[in-house]
Amino acid sequence: MSSSSSLDHKIKTVVSPFHEMLCSLHVLCQPEHHPRRVQWSQELLKAMPSDLRDSIRQLGERTDVWTALMDLADHSGEPMTCRKGIEALNSLPDAELVHLALNNTVPIGTIIQWMHGIRGLEEEELEDAGLSLLDSLEPFRRLLTDTLTQYEESFFRREWQMVQPWVQTAAAAFQQEAEQSAEKAISSLHPRLFAEKGTITAQKAKSYHFAYDSLEHIYVFPSTFIFPHLLIGWYGKALFLPLAVDIPELPYNDSPPADLLLRFKALGDETRLKIVKLLWKGPHCTKQLAPVLGISEAAVSKHLKLLSEAGLIRAKRRGSYQFYSADKEEMEMMLVLQRQFLEQ
């Protein structure tokens, strides 16, 4: 039996309006990362009431730019209407809602302990984010429900009517291709996704490998918004993959993302590169950095400000001093953003 035959009948293409709505909200928070949707984002944000626009951005900050909530839409492997998705979110128990919002990075058991005042040994930033969310959970839940409802009724419902034919056509074409050659179909989904020799490999900031035999289901979600992201997820023996749907008449913006340019500019300096290297090894304060770099503390502070504004370092106060450390996840994400731009 060939390796590709073990993928037979595992692939299912799912047209889910709720999934597409969450993708559109992600784009509204980061339009510069989505060249086919920059103009759409600009026009919609301009037409949108300021309170709705602010709510979308505020909720995006608490849900990994809306991508965390996609797990709810994806895990069933079935189409989900926007109304059903909103109802499902609103009915989640508190611990499950926090678990989902934190992108499954904290176990539900730990969250339940937090709810009872028991602090664990989790990464401090995750713990702070979780406790902050628990302290304002009811307002968060209401804001989430109200924002999704208003956005769907006032804006996304019309957008879905426009994109639905394109999504359904692309879904049918991909499913037909998958039935003819599963490996070829999966490998066509993204330049950094490969299916060969019994393994599906996804190259993000890290590489992820999924043996064919370990998977029972592969759900593919078509979207007119998610390009050029390689948005993957997994749950149990199910793998979730994106299918970018192109609408030819949409204008294309080939400008580099503003945050990628900002990071390149921040690193385009010898002293700042030295600072990042020092902070990569461990936290330092300005008083420690100044003599090593041979510059004043004031000059160090200026460099740290630029690196911080670019999102490459983070600060935490310890006693009388502010200690800085490299944000390694953001540094790795910079490589992903660079590849995304070059692959467009």
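Student: Why is Trp234 called partly exposed?
Tutor: Its relative accessible area is 43%. Buried means under 20%, exposed means over 50%, and partly exposed lies in between (1.4 Å probe, protein chains only). The value 43% falls between those cut-offs, so Trp234 is partly exposed. One caution: this is a predicted model, where local features need pLDDT of at least 70, side-chain atom pairs count only at pLDDT 80 or more, and totals for chains, interfaces and linings use all residues. Residues are numbered from 1 along each chain as its sequence is written, and side-chain values use heavy atoms, without hydrogens or water.

Student: What makes Phe210 and Trp234 a tilted aromatic pair?
Tutor: Rings of Phe, Tyr and Trp (its six-membered ring) pair if their centres lie within 6.5 Å; planes under 30 degrees apart are stacked, over 60 edge-to-face, and the rest tilted. Here the centres are 5.4 Å apart and the planes meet at 55°. The pair fits both tests, so it is tilted. It links distant parts of the chain, with Phe210 in strand β4 and Trp234 in strand β6, 24 residues apart.

Student: Is Phe210 buried or exposed?
Tutor: Phe210 has 11% relative accessibility, so it counts as buried.

Student: How many aromatic pairs are there?
Tutor: Six. One of them joins Tyr208 and Trp234, with centres 5.1 Å apart and planes at 45°, so this pair is tilted. Tyr208 is in β4 (residues 207–211) and Trp234 in β6 (residues 233–235), so the pair ties together parts 26 residues apart in sequence. Strands are DSSP runs (E, at least two residues), and helices are runs of H or I, at least four residues, numbered from the N terminus.

Student: Why does Tyr208 count as partly exposed?
Tutor: Its relative accessibility is 28%, which lies between the two cut-offs, so the label fits.

Student: Which residues do ring pairs link into a cluster?
Tutor: Tyr151, Phe156 and Trp160.

Student: How do you know that the charged end of Arg37 sits over the ring of Phe225?
Tutor: The rule asks for NZ of Lys or CZ of Arg within 6 Å of the ring centre and within 35 degrees of the ring normal. For Phe225 the distance is 3.9 Å. Arg37 also sits over the ring of Trp40, 5.1 Å from its centre.
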